[in-house]
Structures are given as structure tokens and as C-alpha cells.
Amino acid sequence: MVHTNPQILQPMLQELSKQNPQLLRLIQENNDEFLQLLLFEGGDGDFLDQDDQDEIPHAISVTPEELEAIGRLEAMGFERARVIEAFFACDRNEQLAANYLLEHAGDEE
């Protein structure tokens with residue numbers, strides 16, 4: 001949603017601060033990684049006003065084990081973007097990410 005409508009990011013983060021302050025704190029502590037996730041999920045990064053779109057300022061490395069964990073979470077029926085967001089927001093903890101995804105499964109519109 002943020003890729004097609006970048007101005008919703010700030011209101012989404014404000015709502016997140018009310019509903020899940022811990023997740024917002026993780027996003028703030030890992031701001032570069034969060035922005036990179038937004039770029040990787042189909043966005044072109046225009047809303048970040050980057051001069052050189054070919055150059056990725058911060059890349060997130062994922063181990064084979066973490067990639068498998070992301071795959072298992074995805075296999076539970078969740079969209080890849082939500083899985084990646086939850087996985088990194090939960091400090092790469094598969095169990096915490098699964099709990100978060102299950103608890104917030106009905107939050108999508």
C-alpha cells in the first residue's frame with residue numbers, strides 16, 4: 001500500500017504507535033532496515049527522494065536459515081510483505097513473528 005500511496009506511511013505509523021508501541025519502537029530502532037524493506041517490496045523508492053535508484057544504501061543480509069523461516073511463515077498463508085515485516089520487526093525470531101502474524105491476521109483491509 002505504501003508503494004502506491006506513500007503519504008499513508010506516516011498515518012500508519014501513528015496508528016501503529018497506538019496499537020503496537022513495541023513494534024513501532026523496533027521500526028524506529030531499525031529504521032534503515034525498515035525503509036529497505038519498503039524498497040524491496042516492489043517500490044521504486046521515489047518517496048525517499050533518492051538520487052541514484054541503482055544504488056541501494058543499506059542491504060539486509062539473510063542467512064539460509066532465516067530465508068527458510070520466512071518461507072515457513074509464508075507457507076502459513078501470509079503475504080510475503082507482511083511476513084518479512086513481521087520477521088524483522090520481531091528481531092528475526094520466527095516464533096515471535098508467527099505469533100504476531102496470527103494475532104493480527106484480521107487487521108488487513
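Is Arg 80 buried, exposed or partly exposed? Arg 80 is partly exposed, with a relative accessible area of 38%. The model is predicted, and the values here are computed from it.

**Salt bridges**

The count of salt bridges comes to four. Three of them are listed here, with the distance between the closest N and O atoms.

| Basic residue | Acidic residue | Closest N and O atoms |
|---|---|---|
| Arg 25 | Glu 29 | 3.0 Å |
| Arg 72 | Glu 94 | 2.7 Å |
| Arg 80 | Glu 74 | 2.9 Å |

Take Arg 80 first. Its partner is Glu 74. Glu 74 has 27% relative accessibility and counts as partly exposed. Partly exposed covers the range between under 20%, which is buried, and over 50%, which is exposed. Arg 80, at 38%, falls in that range because it is neither under 20% nor over 50%.

Next comes the pair of Arg 25 and Glu 29. Both residues belong to helix α2, which spans residues 21-29. They sit four residues apart, about one turn of the helix. Arg 25 is partly exposed at 41% relative accessible area. Glu 29 is exposed, with a value of 52%. Glu 29 counts as exposed because the cut-off is over 50%.

The remaining listed pair joins Arg 72 and Glu 94. Arg 72 lies in helix α4 (residues 64-75), and Glu 94 lies in helix α6 (residues 94-103), so the salt bridge ties together parts that are 22 residues apart in sequence. Arg 72 is partly exposed, at 42% relative accessibility. Glu 94 is also partly exposed, at 26%.

**Helices α5 and α6**

Glu 94 appears again in a helix contact. How do the axes of α5 and α6 cross, and at roughly what angle? Helix α5 covers residues 80-89, and its axis comes within 8 Å of the axis of α6. The two axes cross at roughly 125 degrees. The helices are therefore oblique to each other. An angle of 125 degrees is oblique because it lies outside 65 to 115, the perpendicular range, and is not over 145, the antiparallel one. The crossing of α5 past α6 is right-handed.

Which residues make the contact? From α5 come Arg 82, Val 83, Ala 86 and Phe 87. From α6 come Glu 94, Ala 97, Tyr 100 and Leu 101. Six of the contact residues are nonpolar, two are charged and none is polar. Arg 82 and Glu 94 are the charged ones, because Arg and Glu both count as charged.

Glu 94 thus has two roles in this account: salt-bridge partner of Arg 72 and contact residue of α6.

Definitions and conventions
Residues are numbered from 1 along each chain as its sequence is written. This is a predicted model: local features need pLDDT of at least 70, side-chain atom pairs count only at pLDDT 80 or more; totals for chains, interfaces and linings use all residues. Side-chain values use heavy atoms; hydrogens and water are left out. A salt bridge is a side-chain nitrogen of Lys or Arg within 4 Å of a carboxyl oxygen of Asp or Glu. Helices (H or I, at least four residues) and strands (E, at least two) are DSSP runs, numbered from the N terminus. Buried means under 20% relative accessible area, exposed over 50%, partly exposed in between (1.4 Å probe, protein chains only). Axes are lines fitted to C-alpha atoms, for helices over the stretch in contact, and angles run from 0 to 180 degrees between N-to-C directions. Angles under 35 degrees count as roughly parallel, over 145 as roughly antiparallel, 65 to 115 as roughly perpendicular and the rest as oblique. A crossing is left-handed if the near helix is turned anticlockwise from the far one by less than a right angle, and right-handed if clockwise. Contact means heavy atoms within 4.5 Å.
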